[in-house]
Amino acid sequence: MKKTLLFLAGAALLCATACKSELDKKIDGLVEQMTLEEKARLLVGTGNEGRWVSETSYGDMKNIVPGAAGTTCPIERLELPFIILSDGPAGVNIDSTRENEPGTYYCTHFPIGTLLSSTWNTQLVEHVGQSIGDEAIHYGVDVVLGPGMNIHRHPLNGRNFEYYSEDPLLTGKTAAAVIRGIQKNGVAACPKHFAANNQETNRMGNDVQVSQRALREIYLKGFELAVKEGHPKTLMTSYNKINGVSVSERRDLVTDFLRDECGFDGTVMTDWYGGDHPEDQIHAGNDLLMPGQQWQMDSIVNAVNAGRLDEKDVDASVKRLLKLIYESPRNQAGHTYDNTPDLKAHAEVTRQSATEGMVLLKNDGQALPIASGMKEIALFGCASYDFIAGGSGSGDVRRAYTVSMLEGLQNAGYSVDPLLAARYEDFVKQSIAANLEKVTARFADMVRIRPDEMPLTEQEIAAQVQRAEYAIITLGRTQGEYYDRKSSEFYLSDVERSLLVNVCRAFHAAGKKVAVVLNIGGVIETASWKELPDAILCAWQPGQEGGNSVADILSGKANPSGKLPMTWPVALSDDGATVNFPVDQTTENVSVASRRKDVGEKNVDFTRYDEGIYVGYRWYDTRAIEVSYPFGYGLSYTTFQYSDAKVARSGKNINISVNISNSGSVAGKEVVEVYVTAPGASMDKPAKELKAFAKTALLNPGKSEVVKMTLSVDDLSSYDEDSQQWIVEAGTYKIHIANSSRDIRLTETVEVK
Ligand code: GLC
């Protein structure tokens, strides 16, 4: 017996050595040669936008790709190269011009993350990711710092535009698709911010106090899916603490959960200036400290020399980072890049993909699409003329242009009163001029200031009724990194409300229709005014081709097929997280260097996730709270019939199929959602949970598709804190096949022993 074991151990060792790739052997050799200082140098970046370490044999690091978020540091003695890291989730975010260079380096501003998840179309999302990765390759970027994928815990979180959903399944599946797309080009993706970074207020110091069950089922679940189905080469930890300790310093999350349980095998980096104790971060398995500061390097060296940090931990991080560096595009033999991505082709990608993520919320009397033959449009609202492509901060993209609603409608052959257009454009220009120092600030510390809405007199509106056949009102909201939204931004302003009331009254009196377009990055209040217009289209912040994408829908060239990835509450106070969210609790988000002094302020220094797993529709549906628009809701210009639902067990799988037919008069795509209601006998469970979804192909009128989805019994489990296990309780499970979380079309049951 002993001999056999010895033989097996020897064989395993032999195989392990023999199985080591050439690269692994090279890396082992390098680590042998590296001094402790060189290892520490490698694990700490060269500063924000490459500013700290300037002169190297490769030149000034910040000039390699100007405007990129950071670089790793070359180790000249060993001819060890570097890589370039750049934002972001809506496109590559680098400087669009360079000193002493005539050319431009524009990147495509694709739709915001929330629009991508609103498509519920992972195939389309993967294609957008691939286009982002393609631009990265052409511009010499090796790591794209996206997707952003934190849970929409509360409507006012400033960065929700960059993230996907209140639901972990939709979040994880969308993120995995973006990751696969980006990485198809050989570029590394970097899902972020792991984990529970759900508010901007005091983001660098906030302590998230959350139960293990909510952590596992809601805040980690999306990352688990993204890692298992996307296989990202890098991942970014979050600024915040979880239950008292900075995430980037928690080995139980970064190594035990992420690596050992989920199988993540890439490089973990901090968020920029995140965390305070480099030795704890390296020990936790957070390999790379970005953007990198001198004191962090010194701290690693001192900690090893003082015996506070095992050099084995340093070596483990160095090996993972060397693998990333040597596998990165720029370090492949003969690699070159031309700085000329196909921006024209990508403009088409963003224009088309954006239409699939827009959500038709209301369409009474087929008000949309605009009747063919109608050409004269009364176009109201500042955002119509100053259209918002995306959010601000690191998730912005320095693009060549933004197509406004005016341009989009004109491109589609509609005509808008030039005098009205001039009024609005002048008003916007003056308003921006009054806030110039804020509007032009690129980075996170200044959300793009919106002009207030322009008031119109009844006479001016009456003149439009005479002239136009159809009225469109665009309501805009900006938001961005670094600030949470104010509650006032959730509601319409008085000027917006009176514009809406007056335009609807005047146009309806003349028998003419009114459509509202929402050019927003996050949920706003709708219950108090949604009865007024004939139609409401949520266009989100759809990227640089936004005006064209909206016009494609308004004209009927595209049939909207988006569904809401989050609940739209009647009032903020209805939301389960509101009492534990920093609503209008502004604090100066202190600079990255100095941390806010923890004074124990609720929702600022710490935030209690008392709602537990009851986030979003899990809260609203379990408590049967009225909502304005439910999770998963979205209309189409056509209608779909659900029939012939089948749910069958085979082993651990639950196979679901349903026939979807287009019973309307125009071609369209349907999103089929599968929710599960558990027996709830032994565990408290939400009323229902999304467990699968699929989008049909474009179905012509009368055509149908059998949509098939497969669940595993394990997908029905919940996390039991006592046993620290995932448990599937026995009993009868209801499988709802639905058009939205509150429009269940067919229900079947399945037994679990
Ligand atoms: C920012 C953001 C992060 C971004 C990084 C680099 O502070 O939190 O999402 O990728 O720093 O810009």
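This passage describes aromatic pairs, charges placed over rings and one helix in a predicted model.

A search of the whole structure identified 18 aromatic pairs. In one of them, the ring centres of Trp-540 and Trp-568 are 6.0 Å apart and the ring planes meet at 65°. Because planes over 60 degrees apart count as edge-to-face, the pair formed by Trp-540 and Trp-568 is assigned to that class. This contact links distant parts of the chain, its two members being 28 residues apart. Trp-540 belongs to the loop between β17 (535–538) and α21 (546–554), whereas Trp-568 lies in strand β18 (residues 568–569). With a relative accessible area of 0%, Trp-540 is buried. Trp-568 is likewise buried, and its relative accessible area is 0%. Elsewhere, one aromatic cluster is formed by Trp-120, Tyr-617, Phe-631, Tyr-675 and Phe-693.

Charged side chains were also found over aromatic rings. Arg-98 is positioned over the face of Tyr-105, at a distance of 3.6 Å from the ring centre. In the case of Lys-221, the charged end sits over the ring of Trp-726, and the distance to the centre of that ring is 4.3 Å.

Helix α9 spans residues 251–261. Its buried residues are Leu-253, Val-254, Thr-255, Phe-257, Leu-258 and Arg-259; the list thus includes the aromatic residue Phe-257 and the charged residue Arg-259. Just after α9, Gly-263 adopts a positive phi of about 80°.

Definitions and conventions
Residues are numbered from 1 along each chain as its sequence is written. This is a predicted model: local features need pLDDT of at least 70, side-chain atom pairs count only at pLDDT 80 or more; totals for chains, interfaces and linings use all residues. Side-chain values use heavy atoms; hydrogens and water are left out. Rings of Phe, Tyr and Trp (its six-membered ring) pair if their centres lie within 6.5 Å; planes under 30 degrees apart count as stacked, over 60 as edge-to-face and the rest as tilted. Helices (H or I, at least four residues) and strands (E, at least two) are DSSP runs, numbered from the N terminus. Buried means under 20% relative accessible area, exposed over 50%, partly exposed in between (1.4 Å probe, protein chains only). A charge sits over a ring if NZ of Lys or CZ of Arg is within 6 Å of the ring centre and within 35 degrees of the ring normal.
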